[in-house]
Amino acid sequence: MNFSVKIQLLTLLLFTTLFATDGLFAQTTNPATEANARLLEQLQIQEQLGEYLPEDLVFTNEFGEEVKLSSFFESDRPVLLNLIYFSCPSICSLILNGVADAVEQVRWTPGVEYDIVTISIDPNEDYQLASQVKQGYADRMNKSGIEEGWHFLTGTQENIDAISESVGIPFVWSEEAQEFLHGSAIMFISPEMRITRYLYGVSYREMDVRNALFDAAGGRVGSTLERIALYCFTFDPDSGSYVPYAMNIMKVGGVVILLGLGIFLGGFWLRERKKDATGLSFD
């Protein structure tokens, strides 16, 4: 494998991720640059927010069992979905490491509040390789729930193409680099199999992942205090992350002020009643 070619293609891939939502491709008359621009455009992620995943797709899990994609949504939990391939020599391991780091930081437990589904885009990979990769992450991560809540799947070309198309993440095999080229993003899916959020890159902030899971679950995950805190943030497409949302912050602040005022007035009223009661005479 030509190392310089591999670096060039990987650089192109990273630019694809950075400009996934902007569609920024420079016009040029240089044939090589034009070819690179066409490749970037071919690999551009097309967000499918609000669309639903196909329910009838079948994959093979890390135990060698055929499973329907819809089976991972039967527990009414949101799903963190990512498409990579296990033998990838470059960006895929960075994506998986980014997911693993975020999962370790999020207080919620895979298999309890949410699930993670990783699907290989290489039809030549089998469940044994998927099992090895999963075990590697289970061994290195200081987090419960990985065995039950993080699922590693392989599949046929037909089903791989179907899931890739449904989430808008294309991939291309490069003979020069001898690897698949594809964008870098993770998706968040509601229990109804509806795509609710994309996060880009290979590193994901804990707050962004937690908020994206919260949104995907329709606000049903987390403790009451966590739900209130997450309610105060909204997703900013320009920055690709969650930012404080002034309107909701004011709403929460208003409720807190009203509660505080109610407690104060209630305490004052009780004290006055006690004073009146002690002042009564029974002549």
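Colleague: Why is methionine 193 called buried?
Modeller: In this predicted model, methionine 193 has a relative accessible area of 3%. Buried means under 20%, so methionine 193 belongs in that class.

Colleague: Where is methionine 193 found?
Modeller: Methionine 193 is in the loop between strand 8 (185-189) and strand 9 (195-200).

Colleague: What is the sign of its phi?
Modeller: The phi of methionine 193 is positive, about 70°, although this residue is not a glycine. Aspartate 76 is also not a glycine, and its phi is positive at about 60°.

Colleague: What makes aspartate 76 partly exposed?
Modeller: The relative accessible area of aspartate 76 is 45%. Buried would need a value under 20%, and exposed a value over 50%. Aspartate 76 falls in between, so partly exposed is the right term. As for its place, aspartate 76 sits in the loop between strand 2 (66-68) and strand 3 (79-84).

Colleague: Let's turn to strand 2. How do you know that glutamate 66 is exposed?
Modeller: Glutamate 66, which lies in strand 2, has a relative accessible area of 68%. Exposed starts over 50%, so the label fits glutamate 66.

Colleague: Which residues does glutamate 66 touch?
Modeller: Not counting residues up to four places away in sequence, glutamate 66 touches Val58, Phe59 and Thr60. As for its distance to threonine 154, the two residues are 88 apart along the chain, and their C-alpha atoms are separated by 9.5 Å.

Colleague: And helix 6, please. Why does asparagine 159 count as buried?
Modeller: Asparagine 159 has a relative accessible area of 14%. The cut-off for buried is under 20%, so asparagine 159 qualifies. Its place is in helix 6 (residues 157-167). Leaving out residues up to four places away in sequence, asparagine 159 touches Leu57, Val58 and Phe59.

Colleague: What makes glycine 168 buried?
Modeller: The relative accessibility of glycine 168 is 10%. With buried set at under 20%, glycine 168 therefore counts as buried. You will find glycine 168 in the loop between helix 6 and strand 6 (171-174).

Colleague: Which residues does glycine 168 touch?
Modeller: Again without residues up to four places away in sequence, glycine 168 touches Gln44, Ile45, Gln46 and Gln48. For glutamine 48, the C-alpha separation from glycine 168 is 6.1 Å, across 120 residues along the chain.

Colleague: How do you know that asparagine 211 is buried?
Modeller: Asparagine 211 has 1% relative accessibility. That is set against the limit of under 20%, so asparagine 211 counts as buried. Asparagine 211 is found in helix 7 (residues 206-216). Between asparagine 211 and arginine 197 there are 9.8 Å in space, C-alpha to C-alpha, with the two 14 residues apart in sequence.

Colleague: Now to helix packing. Why are helix 3 and helix 4 called oblique to each other?
Modeller: Helix 3 (residues 91-105) and helix 4 (residues 127-140) pack at an angle of about 40°. Angles under 35 degrees count as roughly parallel, and those from 65 to 115 as roughly perpendicular. The angle of about 40° fits neither class, so the pair is oblique. Their axes are 11 Å apart, and helix 3 passes helix 4 in a right-handed crossing.

Colleague: Which residues make the contact?
Modeller: Helix 3 contributes Ser93, Leu96, Asn97, Ala100, Asp101 and Glu104, while helix 4 contributes Val133, Tyr137 and Arg140. By class, this contact has 4 nonpolar, 2 polar and 3 charged residues.

Colleague: Why is alanine 100 described as buried?
Modeller: Alanine 100 of helix 3 has a relative accessible area of 0%. Buried requires under 20%, so alanine 100 meets the condition. Leaving aside its neighbours within four places in sequence, alanine 100 is in contact with Tyr137, Arg140, Met141 and Trp150. Alanine 100 and tyrosine 204 are 104 residues apart in sequence, yet 9.6 Å apart in space, C-alpha to C-alpha.

Colleague: And for the whole protein, how many helices and strands are there?
Modeller: The protein has 9 helices and 11 strands. Of its 283 residues, 45% are buried. Among contacts between residues at least 6 apart in sequence, 71% join residues at least 24 apart. The accessible surface comes to about 15000 Å², and 55% of that belongs to carbon and sulfur atoms.

Conventions:
Residues are numbered from 1 along each chain as its sequence is written. This is a predicted model: local features need pLDDT of at least 70, side-chain atom pairs count only at pLDDT 80 or more; totals for chains, interfaces and linings use all residues. Side-chain values use heavy atoms; hydrogens and water are left out. Helices (H or I, at least four residues) and strands (E, at least two) are DSSP runs, numbered from the N terminus. Buried means under 20% relative accessible area, exposed over 50%, partly exposed in between (1.4 Å probe, protein chains only). Contact means heavy atoms within 4.5 Å. Accessible areas come from the Shrake-Rupley method with a 1.4 Å probe; for residues, only the protein chains shown count as cover. Axes are lines fitted to C-alpha atoms, for helices over the stretch in contact, and angles run from 0 to 180 degrees between N-to-C directions. A crossing is left-handed if the near helix is turned anticlockwise from the far one by less than a right angle, and right-handed if clockwise. Ala, Val, Leu, Ile, Met, Phe, Trp, Tyr, Cys and Pro count as nonpolar, Asp, Glu, Lys and Arg as charged, and the others, Gly among them, as polar.
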